[in-house]
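This report looks at the surroundings of a bound molecule and at the pockets of the protein that holds it. Please keep the structure in view while reading, and find each named residue as it comes up.

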Amino acid sequence: MDNCIFCGIADGKIPSRKLYEDDEVLAFHDIRPIAPVHFLIIPKLHVASLYDCNHSHQPVLGKIMALSGQLAREQGAQDGFRCIINTGRVGRQEVYHLHVHIIGGPDVLPGMLVRK
Ligand code: AMP
Ligand code: ZN
């Protein structure tokens, strides 16, 4: 996909700090981390968001989720972490290539959402 920053990272045209790669998925450190452990896992094939997924994406989505715990542990999140998939305007998605944030570290994370 032209002009997609994460396709550029998946293709190796844009540099990233990779921590895992296979034929279908790539994990790399977030460029603006919000916690000691903060990396992204993406499918290499472009899909814009969860809205755009269908049954054909099930294997790669399953692989991403199945990898998340192992990679989080390896990066130092030993006592829990959070997976976040921001989707669309309301979800405040900034990069429209599906990605799972893995966020953790030694301290307890803030509450997921503030109750009104
Ligand atoms: P969002 O689309 O809001 O779920 O988040 C996009 C995330 O991508 C943000 O946390 C950015 O810091 C991160 N990001 C944007 N560009 C890059 C890049 N070139 N390398 C690594 N992370 C990036
Ligand atoms: Zn893309």
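## Ligand 1 and its pocket

Helix H1 gives the most to the shell around ligand 1, contributing three residues. This is a predicted model, and the values that follow are computed from it. The elements that give two or more residues to this shell are H1, which spans residues 5-11, and strand S2, which spans residues 25-29.

Which residues come nearest to ligand 1? There are 16 residues around the ligand, and of these Asp30, Glu94, Val95, His99 and His101 come nearest. Sorted by chemical character, the shell around ligand 1 holds seven nonpolar residues, five polar ones and four charged ones.

Oxygen atoms of ligand 1 take part in polar contacts with the protein, and the table lists three of these with the part of the residue involved.

| Residue | Part of the residue | Distance to an oxygen atom of ligand 1 |
|---|---|---|
| Histidine 101 | polar side-chain atom | 2.7 Å |
| Asparagine 86 | N or O atom in the side chain | 2.9 Å |
| Arginine 92 | polar backbone atom | 3.1 Å |

Arginine 92 thus makes its listed contact through the backbone, whereas histidine 101 uses a side-chain atom, and so does asparagine 86. On its own, ligand 1 has 510 Å² of accessible area, and the protein covers 88% of that area.

Where does ligand 1 sit? It sits in the largest pocket, and about 1,000 Å³ of space lies in that pocket. The largest pocket is lined by 34 residues, of which Asp30, Ile34, His38, Asn86 and His101 are the closest to its centre. Asp30 and His101 are also among the residues that come nearest to ligand 1, and the side chain of asparagine 86 has already appeared as a partner of a ligand oxygen.

Several elements give two or more residues to the lining of the largest pocket, namely H1, S2, strand S3 (37-43), strand S4 (81-84) and strand S5 (100-104). In character, this lining divides into 19 nonpolar, nine polar and six charged residues.

## The second largest pocket

The second largest pocket has a volume of about 170 Å³. Its lining is made up of Asp23, Glu24, Pro43, Lys44, Leu45, His46, Val47, Ser56, His57, Pro59 and Val60. How do these lining residues divide into nonpolar, polar and charged, and what are the counts? Five of them are nonpolar, three are polar and three are charged.

How values were computed:
Residues numbered from 1 in each chain as written. Chains lettered and ligands numbered in written order. Predicted model: local features only at pLDDT ≥ 70, side-chain atom pairs only at ≥ 80, totals over all residues. Heavy atoms only, no water. Near = heavy atom within 4 Å. Polar contact = N/O pair within 3.5 Å; in protein donor to acceptor, adjacent residues only side chain to side chain. Areas by Shrake-Rupley, 256 points an atom, 1.4 Å probe, with all protein chains shown as cover. 1 Å grid on protein atoms, 1.4 Å probe; cavity = no way out; pocket = protein on both sides within 12 Å on 5 of 7 lines; lining within 4 Å. Sits in = over half its atoms within 2 Å of the grid points. Helix = DSSP H or I, 4+ residues; strand = E, 2+ residues; numbered from the N terminus. Nonpolar A, V, L, I, M, F, W, Y, C, P; charged D, E, K, R; others polar. Points joined across faces, edges and corners; volume = space filled by probe spheres on them.
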